[in-house]
Amino acid sequence: VCSSDLNTTAIGARVEATVGERTLLREVRGASSYASFNDPRIHLGLGDAAATGPVRVLWPDGGEQVLGPLSPGTYRLVQGGEPEPITPGAGVVAPR
């Protein structure tokens, strides 16, 4: 999740994803302690689910974007417009 305005790392953006009967909530945060910075990527653990349901991005400026369904093992770059798929191995390192 990133933004094209001055808040380029989209700090404060919220992601709500439906997975089965659960709703996962994630937020892009800047830091959690002194002199630190959190990973700006959002990770949704899908467990055994084959895909998500709707995924809603709530931008800090009040905008909203709905994506989905998203498949496990994939990355999406969401930048205030249509999502661009990113495949592992194409300049993106898979999480460990």
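Which residue of strand 3 does V15 stand opposite? In this predicted model, the residue facing V15 is V57 of strand 3. The pairing belongs to an open sheet of 4 strands, arranged in the order 2-1-3-4 with antiparallel pairing. The edge positions are taken by strand 2 (22–27) and strand 4 (64–67), each of which pairs on one side only. From one strand to the next, the twist averages 15°.

Strand 1, spanning residues 14–19, runs antiparallel to strand 2 and is joined to strand 2 by 6 bridges. Within this ladder, V15 has R26 as its bridge partner in strand 2, and E16 is partnered there by L25. The hairpin formed by strand 1 and strand 2 has 2 residues between the strands, and G20 in this hairpin adopts a positive phi near 65°. Strand 1 is also joined to strand 3 by 4 bridges, again in an antiparallel arrangement. V15 thus has R26 as its bridge partner in strand 2 and stands opposite V57 in strand 3.

The largest nonpolar core comprises 15 residues, and V55, V57 and W59 are those with the most contacts inside it. Two elements, strand 1 and strand 3 (55–58), give two or more residues each to this core. The largest share, 3 residues, is supplied by strand 1. V57 therefore appears in two contexts, as the residue opposite V15 and among the core residues with the most contacts. In soluble globular proteins, nonpolar side chains tend to be buried together.

How values were computed
Residues are numbered from 1 along each chain as its sequence is written. This is a predicted model: local features need pLDDT of at least 70, side-chain atom pairs count only at pLDDT 80 or more; totals for chains, interfaces and linings use all residues. Side-chain values use heavy atoms; hydrogens and water are left out. Two strands pair if DSSP finds at least two bridges between them. Axes are lines fitted to C-alpha atoms, for helices over the stretch in contact, and angles run from 0 to 180 degrees between N-to-C directions. A nonpolar core is a set of buried Ala, Val, Leu, Ile, Met, Phe, Trp, Tyr and Cys residues joined through side-chain atoms within 4.5 Å. Buried means under 20% relative accessible area, exposed over 50%, partly exposed in between (1.4 Å probe, protein chains only).
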